[in-house]
Amino acid sequence: MSIKLIVMDMDGTLLDEDHATIPQRNIDALRAASMRGVKLALASGRTWSLLVGAQEQLGCLDYALLANGASVWDVAAGKSIYENTIPNDLALAIGEVLHREGLAFEVYCDGQGYVRASDREGILEDCLSPAFTQFFDAHTVYPETIAQALAGRRVEKFDVLYVPDEKRQAVQAEVEALGPVVLTQALRYNMEFNAVGINKGVALQVLAEHLGLKADEVMAFGDAANDLEMLSWAGWSFAMANATDEAKASAKYLTGRNSEAGVAQAVEKYVLGK
């Protein structure tokens with residue numbers, strides 16, 4: 001069967017080392033695949049407001065799996081076709097624990113990222129690169145309190161950008177004691193909390209079913225712990241050369257590094273026939 005859907009992680013996979021720019025070779029290959037009728041989707045720990053830069057660079061994005069799979073976003077329709085989110089009362093309690101522990105964090109609701117105004121400076125100092133810092137700041141909302149941002153709303157994800165090693169176990173235990181949440185990770189030093197039952201693999205299966213596709217019609221790329229289920233499910237799954245050992249074990253194939261346009265290398269060979 002031919003490949004009809006390409007799904008790509010962002011950081012460490014589609015993006016270059018600045019966590020903001022898509023290598024031109026990736027853009028060219030993906031646009032060529034789109035012209036052949038292949039659907040394109042991003043699969044990220046980020047929410048939609050932090051993916052619009054990639055959408056603008058590609059110019060041909062169809063879907064996005066947001067916040068580790070908490071939502072499947074239809075780009076043309078501008079809305080979710082699937083959600084598995086944290087209830088409001090539990091989200092407020094998690095926010096209180098993280099504040100009490102002195103941790104700065106992002107929270108994602110309805111495709112938008114929020115950071116408490118008093119945490120803005122500290123979070124920007126810890127951003128991944130100057131290019132990403134500028135983009136993040138322009139696309140994040142800074143309310144005075146997180147409770148203000150969450151009023152009456154369900155949450156896609158909490159992203160605690162930096163947790164000291166000595167605090168990690170206690171923070172995880174405190175948050176998990178509040179209710180049903182699951183800890184995921186895209187970077188060694190962060191902690192991400194989602195609703196139980198979500199991962200990129202589940203969201204990818206939802207999208208594939210929505211499109212009437214089977215696993216062997218789906219190509220997926222990833223590099224980290226939050227990509228494992230997606231890489232295991234997709235029939236054409238590729239771990240980047242810079243991926244973790246776990247990601248490489250979950251994927252069917254290997255490709256080049258993110259900084260070497262590894263996505264394009266595989267798309268050119270298996271989709272475009274170059």
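The exercises below, each with a worked solution, concern a predicted model.

**Exercise 1. The six-stranded sheet**

Give the strand order of the open sheet, identify its edge strands, and find which helix packs on the sheet.

Solution.
- Step 1. The order is β8-β7-β6-β9-β11-β10, and the pairing is mixed.
- Step 2. A strand that pairs on one side only is an edge strand here, and this applies to β8 (140-141) and β10 (181-184).
- Step 3. Helix α4 (residues 88-100) packs on this sheet and touches β6, β9 (157-160) and β10. The direction of α4 makes about 10° with that of β9.
- Step 4. Within the sheet, β6 (residues 105-109) and β7 (residues 112-114) are antiparallel and share three bridges. Cys 109 is found opposite Gln 112 of β7.

**Exercise 2. Strands around β12**

State what pairs with β12, in which sense, and over how many bridges.

Solution.
- Step 1. β1 (residues 5-8) pairs with β12 in the parallel sense, over four bridges. In this pairing Leu 5 is opposite Val 218.
- Step 2. β12 (residues 218-222) also runs parallel to β13 (residues 236-239), joined to it by four bridges. Met 219 has Trp 236 as its bridge partner in β13, and Ala 220 stands opposite Ser 237.
- Step 3. β13 in turn is joined by two bridges to β14 (residues 253-254), again in a parallel arrangement. Ala 239 is opposite Leu 254 there.

**Exercise 3. Handedness of the crossovers**

Trace the chain from β12 to β13 and from β13 to β14, and give the handedness of each connection.

Solution.
- Step 1. Between β12 and β13 comes helix α10 (residues 228-233), and the resulting β-α-β unit is right-handed.
- Step 2. From β13 the chain passes through helix α11 (residues 245-250) to β14, and this crossover is right-handed.

**Exercise 4. Burial of β12**

Which residues of β12 point one way, which point the other way, and are they buried or exposed?

Solution.
- Step 1. Side chains in a regular strand alternate between the two faces of the sheet.
- Step 2. In β12, Val 218, Ala 220 and Gly 222 point one way, while Met 219 and Phe 221 point the other way.
- Step 3. All of these residues are buried, so five of five residues in β12 fall under the 20% cut-off for relative accessible area.

**Exercise 5. An aromatic pair and its cluster**

Classify the ring pair Trp 236 and Tyr 270, and place it in the chain.

Solution.
- Step 1. The whole structure holds eight aromatic pairs.
- Step 2. For Trp 236 and Tyr 270 the centres are 5.4 Å apart and the planes make 50°. Stacked requires under 30 degrees and edge-to-face over 60, so a pair between these limits is tilted.
- Step 3. Trp 236 belongs to strand β13 and Tyr 270 to helix α12 (residues 262-270); the two residues are 34 apart, and the pair links distant parts of the chain.
- Step 4. Trp 236 is partly exposed, because its relative accessibility is 23%. Tyr 270 is partly exposed as well, at 33%.
- Step 5. Both rings belong to one aromatic cluster, together with Phe 221, Phe 238 and Tyr 253.

**Exercise 6. Helix α6 and its cover**

Name the buried residues of α6 and some of the elements that cover them.

Solution.
- Step 1. α6 spans residues 130-138, and its buried residues include Phe 132, Thr 133, Phe 135 and Phe 136.
- Step 2. Residues three or four places apart in an α-helix point the same way, because the helix has 3.6 residues a turn.
- Step 3. The cover over the buried residues of α6 includes α3 (52-58), β6, α5 (120-125) and β8.

**Exercise 7. Positive phi outside glycine**

Where do Ala 67 and Ala 261 lie, and are they buried or exposed?

Solution.
- Step 1. Phi of Ala 67 is near 50°, a positive value in a residue other than glycine. Ala 67 lies in the loop between β3 (63-66) and β4 (71-74).
- Step 2. Ala 67 counts as buried because its relative accessibility is 0%.
- Step 3. Ala 261 has a positive phi near 55°. Its loop runs between β14 and α12.
- Step 4. With a relative accessible area of 4%, Ala 261 is buried.

Terms used:
Residues are numbered from 1 along each chain as its sequence is written. This is a predicted model: local features need pLDDT of at least 70, side-chain atom pairs count only at pLDDT 80 or more; totals for chains, interfaces and linings use all residues. Side-chain values use heavy atoms; hydrogens and water are left out. Two strands pair if DSSP finds at least two bridges between them. Contact means heavy atoms within 4.5 Å. Axes are lines fitted to C-alpha atoms, for helices over the stretch in contact, and angles run from 0 to 180 degrees between N-to-C directions. A crossover is right-handed if, with the strands pointing away from the viewer, the path from the first strand over the helix to the second runs clockwise. Rings of Phe, Tyr and Trp (its six-membered ring) pair if their centres lie within 6.5 Å; planes under 30 degrees apart count as stacked, over 60 as edge-to-face and the rest as tilted. Buried means under 20% relative accessible area, exposed over 50%, partly exposed in between (1.4 Å probe, protein chains only).
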